[in-house]
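Open the model in your viewer and keep a selection panel to hand. The stops below go from the sheet to its helices, then to the ligand and a few single residues.

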Amino acid sequence: MARYELVKRSVALITLTNPPVNALSSAVRHAMAKSMEQALNDPKVTAVVICGENGRFCGGADIREFAGPLRGPPLVPLLDAIEAGEKPVVAAIEGVALGGGFELALVCHYCIAHFKVNHFVLKIIKAVGMSRAAKPLSSRRVSMLTTPCPPDLDALLEVVTMEVKKKARGVMAPLACIQAVRAAATMPYSKGIKRESELMATLFNSGQARALQYCFFAQRTAGKWTLPSGAQWNNSKPREIRSAAIIGLGTMGRGIVVSLARVGISVIAVESEKKLLETGKQMVIGMLERDAKRRGVSASLNLLKFTLSLQDLKDVDLVIEAVFEDMALKKRVFQELSKVCRPATLLCTNTSGLDVDALAGVTDRPHLVVGMHFFSPAHVMKLLEVVCGPRSSSETIATAMSLGKRMGKVSVAVGNCPGFVGNRMLKPYMDQATFLLEEGATPEQIDKALEDFGFAMGVFRMSDLAGLDVGWRIRKESGLTGPDVDPKNPPRRRHGRRYCPIPDMVCEQGRFGQKTGRGWYMYDKPGGTNAKPDPLIQNLLEMYRSRYAIQPRNISDQEIIERCLFALANEGFRILEDGIAARPEDIDVIYLFGYGFPRHRGGPMFYASMVGLERVLERLEHYHQAHPDVPHLEPSPLLKKLVACGSPSVQTWREHIKTMHSHL
Ligand SMILES: CCCCCC/C=C/CC(=O)SCCNC(=O)CCNC(=O)[C@H](O)C(C)(C)COP(=O)(O)OP(=O)(O)OC[C@H]1O[C@@H](n2cnc3c(N)ncnc32)[C@H](O)[C@@H]1OP(=O)(O)O
């Protein structure tokens with residue numbers, strides 16, 4: 001956990017050895033305390049060097065230990081002993097020095113960055129010796145330093161607090177950081193440290209800390225996909241992808257081209273018309289140039305080729321289709337690709353919810369077909385749903401997952417069903433929001449409740465950003481609205497279920513969201529982002545309610561949160577039952593990275609577990625009783641099963657799902 005060596009007969013070299021990141025576990029803290037005592041008491045030792053094994057200084061506290069009661073020696077007395085010691089201590093930093101690891105570096109009298117210690121111990125000692133001759137150790141003690149305190153500290157911290165409250169709504173840790181900075185600027189060191197410890201203790205015991213720790217591990221768990229066949233992340237070899245093609249240079253296609261090119265993959269971009277090709281080309285080049293400028297690198301324009309001909313794709317390793325969300329069109333593209341691409345080329349679709357297996361079925365290589373569902377804008381959003389069809393091979397899945405990682409995405413393997421995981425869950429969530437509109441709420445009231453909960457954007461602002469026409473087209477194609485609706489349906493019912501036509505009415509007025517300057521809100525201009533409540537929407541809602549004799553009622557924020565979020569989680573339970581997601585962590589990661597679910601709430605499934613499954617079940621039963629024509633409010637069998645099993649922790653739900661069949 002910490003190796004102690006005497007180097008050149010006078011330097012104690014303490015190496016943290018706790019793979020993978022040399023985190024400060026209780027065993028490491030214990031071993032360090034012992035090593036420091038040995039070094040400080042050994043008259044032969046004139047200096048101490050602390051480093052980390054395998055090129056990583058220290059990743060901070062061992063987060064794995066946070067789940068249980070804190071054991072082992074506390075960190076602060078150890079840091080105090082290092083800081084107050086009479087022998088110079090050097091932090092030789094490679095890789096990371098985070099959290100408690102950074103604190104450790106700060107209390108050392110010297111820090112040297114980017115040093116391979118094993119090779120440079122002598123240089124370090126020499127450097128320390130020289131500095132020591134020049135400066136006594138007391139001037140190197142962090143506790144002796146005075147923190148400059150600006151005269152306008154209060155005003156300054158107030159401005160920062162306002163900004164933090166706006167950017168990280170409801171999150172405790174950044175506000176506690178500001179208080180710690182105030183303590184550092186206004187109190188003597190020992191009192192400041194005490195204040196910081198108090199703040200930390202408050203955070204440590206909060207639900208937010210548990211949620212954030214859960215998110216950290218959920219994100220890493222999500223990459224570890226596994227199939228019922230036994231194929232999984234660590235036994236399936238991905239193919240190397242050197243070249244790719246993107247079909248369609250709309251918003252999604254452009255973002256995908258940028259994501260690929262900036263990690264060094266050569267890309268052929270295909271459009272169907274010259275004008276669209278030229279527009280797409282200019283946009284992609286601009287995006288790549290801006291991106292390269294921001295990152296201080298040169299734009300990889302030489303990797304791009306733009307063409308109108310699918311024939312140019314015959315030698316690429318992988319194709320990602322990003323044409324309109326139209327099954328017939330996609331099928332034609334896949335048939336064509338089957339003909340022109342070499343037999344080993346992987347064929348991927350960026351569909352946001354259509355049947356990946358139906359597309360695989362029209363190709364000559366169904367095992368090489370997989371969904372790669374990017375989120376808009378694709379070069380910014382971190383989420384990638386890798387949609388595994390029943391015929392996708394493990395090598396194909398491994399390649400899509402690994403390509404996602406290479407592009408810096410958080411990739412999650414999901415099964416094939418309408419909407420996959422993210423968009424399938426979105427439906428009950430959005431349905432509840434529109435039902436609440438019918439019952440008396442406004443878009444801004446619902447959005448505010450969701451944003452106060454911590455969402456980056458409420459459901460209506462998010463829909464305006466994404467564009468309302470996509471959902472409208474899908475509803476028309478599936479016969480829920482438009483001329484194909486069976487006239488026997490009452491206006492607010494479809495297939496025997498409650499249906500809210502308000503979103504269709506909004507679209508019928510040409511209000512497609514930000515891009516048209518009007519949607520659920522109004523904007524200064526088409527493409528504007530500043531959402532303002534629109535009296536026309538208010539009128540529309542009032543007319544609608546009076547047409548259907550709906551008496552509007554006051555709706556509380558609590559009802560908004562419960563109906564929207566419990567319906568969302570309920571669908572998550574169904575997804576787990578159906579084997580479309582392998583574990584609750586995958587669902588949560590999808591919502592954290594793709595839908596702006598607040599990280600300090602952990603994701604919809606974790607949030608449900610924090611509220612208490614029993615309470616979620618009780619509230620769903622209550623709302624389902626009030627709205628029996630909304631099947632999404634009927635508690636799922638898995639939720640009931642988990643409650644019957646005593647509401648186990650989210651990390652163990654998998655045990656209860658094991659018996660169910662998997663679509664992965
Ligand atoms: C008395 C109690 C003692 C209190 C001590 C004082 C408290 C101080 C507060 C803290 O220090 S809180 C922790 C602060 N540190 C962090 O938040 C770092 C979190 N880690 C990262 O940001 C990254 O992992 C990394 C270190 C930058 C490395 O990134 P990389 O992409 O290279 O690898 P990953 O896939 O993220 O991680 C690899 C592997 O390591 C596990 N891991 C990472 N950090 C920790 C950690 N701090 N504790 C435990 N485990 C950690 C991670 O889970 C991966 O594991 P896997 O099994 O391979 O999935």
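This is a predicted model. Begin with strands β10 and β11, selecting residues 346-349 for β10 and 369-374 for β11. The two run parallel to each other and are joined by three bridges. Within this pair, Leu 347 faces Val 369 of β11.

Now widen the selection to the whole sheet. Its eight strands follow the order β8-β7-β6-β9-β10-β11-β12-β13, the sheet is open, and the pairing is mixed. Which strands stand at the edges? They are β8 (304-307) and β13 (410-415); each has a single partner strand, so one side of each lacks a neighbour in the sheet. Looking across the strands, expect an average twist of 25 degrees from one strand to the next.

Stay on the sheet and pick β6 and β7. These strands pair in the parallel sense, with five bridges between them. Ile 246 is the residue opposite Ala 269 of β7. Colour β7 by accessibility: four of its five residues are buried, so the strand is largely enclosed by the rest of the structure.

Next, add the helices that lie on the sheet. Select residues 251-261 for helix α9, which lies across β6 (243-247), β7 (266-270), β8, β9 (318-321) and β11. The direction of α9 is at about 170 degrees to that of β6. Then select residues 274-295 to show helix α10, which packs on the sheet and touches β7 and β8. Between α10 and β8 the angle is about 165 degrees.

Move to helix α17, residues 469-477. Which of its residues are buried? Show Asp 469, Trp 472 and Arg 475 as sticks. These three span an arc of only 120 degrees around the axis, which places them on the same side of α17. The spacing fits a general rule: an α-helix has 3.6 residues a turn, so residues three or four places apart point the same way. Add residues 502-508 to see α18, against which the buried residues of α17 pack. Just past the end of α17, check the backbone of Gly 479, where phi is positive at about 75 degrees.

Now centre on the ligand. How many residues surround the ligand? There are 21, and the closest are Arg 56, Ala 61, Gly 100, Arg 220 and Lys 224. Three distances are worth displaying here:

- From a side-chain N or O atom of Arg 56 to an oxygen atom of the ligand: 2.4 Å.
- From a backbone N or O atom of Gly 59 to a nitrogen atom of the ligand: 2.9 Å.
- From a polar backbone atom of Ala 61 to an oxygen atom of the ligand: 2.8 Å.

Two single residues remain. Select Ala 92, which sits in strand β4 (residues 89-93). Is Ala 92 buried or exposed? Ala 92 is buried, its relative accessible area being 2%. Draw a line from its C-alpha atom to that of Val 49: the separation is 6.7 Å, although the two residues are 43 residues apart along the chain.

End at Glu 438, in helix α14 (residues 422-439). Glu 438 has a relative accessible area of 1% and is buried. What does Glu 438 touch, not counting residues up to four places away in sequence? Select Arg 492, Arg 498, Tyr 499, Cys 500, Pro 501, Ile 502, Tyr 544, Arg 545 and Ile 550 to display these contacts.

Technical notes:
Residues numbered from 1 in each chain as written. Predicted model: local features only at pLDDT ≥ 70, side-chain atom pairs only at ≥ 80, totals over all residues. Heavy atoms only, no water. Pairing = 2+ DSSP bridges. Axes fitted to C-alpha atoms, helices over the stretch in contact; angles between N-to-C directions. Contact = heavy atoms within 4.5 Å. Buried < 20%, exposed > 50% of the residue type's maximum accessible area, 1.4 Å probe, protein only. Arc of directions from axis to C-beta. Near = heavy atom within 4 Å. Polar contact = N/O pair within 3.5 Å; in protein donor to acceptor, adjacent residues only side chain to side chain.
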